[in-house]
Structures are given as structure tokens and as C-alpha cells.
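Welcome! Please take a moment to look over the sequence and the 3D structure shown here, and then read on for a guided tour.

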Amino acid sequence: MAEKKQKEIVDMTNKELFKLMSGPSQLKRKNAAKVLTDRVKENPEEYKKNIPDFIDALSRPEAQTRWLALDCLTHLVPVDAKACKDAIEGAEEALFDDKTSLIRESAVRFLSRYGASSMQRSKEVWPLIKEALQQFHGEIEYDKILNRINFFAAGKLDAGVKKDLRATAKDIQKSVGGPTKSRLERILLSTQGKTLKVPTKKAPAKKAVVKKPAAKTSSTKKATTKKKDVKKKVEAKKKDVKKKAVKKAVKTAVAKPKAKTKVGKKVEKKKKKVAKKVVKKAVKKEVKKTVKKTVKKAVKKSAKKPVKKAAPKKSAKKK
């Protein structure tokens, strides 16, 4: 049932909502005020004519309707600040309400927005804002109130108001620490047109991640064995090419010259001598290689074969 009634209220026109807000039912007044605050936030200029209706709502007994009406008037100050002047009395009563903290915060929000709009309005509102600075020190909503006053400090303030604001903020700052002290410092800087620079924490340096070598799988093992086999084949081919080159050099050196003259015979003799020398060198190299290979093979075989222990001698049988 409650949800249906809420839907009905949301679908109502502005005239119907203002009637409910001034009606006898406390619950309907609250619900109507909620819907109107949402609509005023979206389009405040549309509700310029309804400023007197919101000021009238400040005289309702329940706190919720009053703080919602103050929130609507806060959004309407930039639209028509002169028309909002009559709401100062209702805001003053809300400021000294001992029961709810939300209505006190809403009152300071409205007064700060109204006072920041011009120098003359800052004079009108400053005594109430000063009272809020001094009186609500230590209350739950004090930090939020300081945030609202910071908006007032950054506005169009009278020179005397600005001096008094700085003096009161410095006096309170002496007996305060932590976040409240930093908020008061923001207020002092806002009067000078400055902002408090919050130091940013540097991000910790990322540790270098050492990547571990991937575990060898069956596929990687096969690939490594294939590479080794290919290398062996290449080396064997190189050796064969070298041997063939040596044989060709020997054949060309031994080949007979075509000329059959005396000069040709002398050349043949010289070539034979050269060929003999080349052949001797090639033979020596091959012999050395074969010797080394045979020695290595013999050493390997001897290392692999186990040494046989000598059998013990059989003692002669006695006859």
C-alpha cells in the first residue's frame, strides 16, 4: 500500500504536491517535499515562482519537511537571491534546532549559499554563520558544516566579514587537530582565493618479476634432439666437402700438360714434385686424424669394459 501511494505522489503535478506540502498529513508533507527536491535539483529555474511556498514550508513542525524545503531554497538562490531573503528567519530557527543535526547542516548550507552571492548579503548572514562556527564545535555534523562555510569563504564577501572570518577560524584552529584543522585551513585559504594542495602518495615501485624458465615438455625435448641431429649432419657434410676439395687439388696437380716440348717436360717435372708434396701433406693429415679416432675409440671401449678379476688358483688335491 505504501509503495502504491508513493508512486501516486511521484506522478502528481507541482500544484498537487504543493497542496500536500501545506496539508494536514505529516507523512504526505514529507513525501511531497522529497519529490519536489528532486525536481528542483533537475530544473531550478522552473520553480522560481514557488519560492514563497518553500519559505512557508519552513514553518512545518516536522524537521524533515523543513530541511528539504531549505535544500530547495539553496538551489533557488542562484535563480533569485532577493526572493530567498525572507527564508533567513526560518533558517535561523532551523540552525538552533537541538533535535536533528541534518536540519542544522541544511540551514548552514542555505545561509552560506545566500551570503556568498553578494557583499551585502554576506553582512546579513555572517552573525549566524559565525555562531555555527563557534557553537557546533565538537558536534557530529561540525566537519560538514565547515565544508559548507568553505563555500561561503570563497564567495563575494565584505572586507570586514572576511577579516572576522579569518580571525575566528584561526582561534578555533588553535584548539583543534586532525581533519577539522585542515578544513579550517581550507577556509582561510578560500578567503584569499587559494585552495589547499593535498599531497598525493607516490605509488610503490613495482618489483621486477623474474620469469622462471618454462618446464620442458615432451614436445620441447623432441625439438632440442632434432636440432642436435641437424647440427651433426651439417658437420659431417662439411668434412666430406673438405675431403673432396683435397682430392680435386691432388688430381689437378697430377694432370699431364698438353705441350710435348722441352719446356713442357720441365714443367711436368716441377708439377710432379709439387703434386708429391701436396699428396704427402694430405696423407699426413689423414693419418693423424685416423690415429686420433682409433685412440679415442680404444680408450672409450676400455673404460666401458669391466675389469675381470683374476680367478683364484686351485690348490693341488692330495693323493
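What follows is a short briefing that starts with the whole chain and then visits a few helices and residues.

This is a predicted model. The chain has 319 residues, of which 30% count as buried. Its secondary structure consists of 13 helices and zero strands.

**The chain as a whole**

- Reading from the N terminus, you meet one α element after another: α-α-α-α-α-α-α-α-α-α-α-α-α.
- Among contacts between residues at least 6 apart in sequence, 62% link residues at least 24 apart.
- The chain has an accessible surface of about 24,400 Å², and carbon and sulfur atoms account for 57% of that area.

**The nonpolar core**

- Sixty is the number to remember here: the largest nonpolar core has 60 residues.
- Phe54, Leu73, Phe110, Leu111, Leu133 and Leu165 are the residues with the most contacts inside this core.
- Helix α5 (residues 63–76) gives the largest share of the core, with eight residues.
- Leu111 is a good place to zoom in: leaving out residues up to four places away in sequence, Leu111 touches Ile88, Ala91, Leu95, Val125, Leu128 and Ile129.

**Helix α8**

- Helix α8 covers residues 119–135, which makes 17 residues.
- From its first C-alpha to its last, α8 reaches 24 Å, close to the 24 Å expected at 1.5 Å a residue.
- Where does α8 have its kink? The kink, of about 50°, lies at Val125, shortly before the proline Pro127.
- The start of α8 has a contact to look for: a side-chain oxygen of Ser118 comes to within 3.3 Å of the backbone nitrogen of Arg121.
- The buried residues in α8 are Arg121, Ser122, Val125, Trp126, Leu128, Ile129, Ala132 and Leu133.
- Which helices do these buried residues pack against? Their partners are α6 (88–95), α7 (101–115), α9 (142–153), α10 (159–174) and α11 (179–191).
- An α-helix has 3.6 residues a turn, so residues three or four places apart point the same way.

**Helix α3**

- Helix α3 runs over residues 26–42, and its 17 residues should span 24 Å at 1.5 Å a residue.
- The end C-alpha atoms of α3 are 25 Å apart, which agrees with that expectation.
- Ser25 caps the N-terminal end of α3, with a side-chain oxygen 3.4 Å from the backbone nitrogen of Lys28.
- Buried in α3 are Arg29, Asn31, Ala32, Ala33, Val35, Leu36, Thr37 and Val40.

**Two residues in helix α10**

- Gln173 is part of helix α10.
- Is Gln173 buried or exposed? Gln173 counts as buried because its relative accessibility is 12%, and the cut-off for buried is under 20%.
- Apart from neighbours within four places in sequence, Gln173 is in contact with Lys181, Leu184, Glu185 and Leu188.
- One of these partners, Glu185, makes a polar contact with Gln173 from side chain to side chain, at 2.9 Å.
- Another pair to look at is Gln173 and Leu184, which are 11 residues apart in sequence and 6.6 Å apart in space, C-alpha to C-alpha.
- Ala167 is also found in helix α10, and at 36% relative accessibility Ala167 counts as partly exposed.
- Ala167 and Leu188 are 21 residues apart along the chain, and their C-alpha atoms are separated by 9.2 Å.

**Two residues in loops**

- Glu141 sits in the loop between α8 and α9.
- With a relative accessibility of 4%, Glu141 counts as buried.
- Beyond its neighbours within four places in sequence, Glu141 is in contact with Ser101, Arg104 and Phe136.
- Lys156 belongs to the loop between α9 and α10.
- Why does Lys156 count as exposed? Lys156 is exposed because its relative accessible area is 56%, and exposed means over 50%.
- Setting aside neighbours within four places in sequence, Lys156 is in contact with Gly115, Ala116, Ser117, Ser118, Met119 and Ser122.
- The C-alpha atoms of Lys156 and Ser122 are separated by 7.6 Å, although their positions lie 34 residues apart along the chain when counted as a sequence separation.

Note on methods:
Residues numbered from 1 in each chain as written. Predicted model: local features only at pLDDT ≥ 70, side-chain atom pairs only at ≥ 80, totals over all residues. Heavy atoms only, no water. Helix = DSSP H or I, 4+ residues; strand = E, 2+ residues; numbered from the N terminus. Expected span 1.5 Å × (residues − 1). Bend = angle between axes of the 7 residues up to and from the residue. Buried < 20%, exposed > 50% of the residue type's maximum accessible area, 1.4 Å probe, protein only. Contact = heavy atoms within 4.5 Å. Polar contact = N/O pair within 3.5 Å; in protein donor to acceptor, adjacent residues only side chain to side chain. Core = buried A, V, L, I, M, F, W, Y, C linked by side-chain atoms within 4.5 Å. Areas by Shrake-Rupley, 256 points an atom, 1.4 Å probe, with all protein chains shown as cover.
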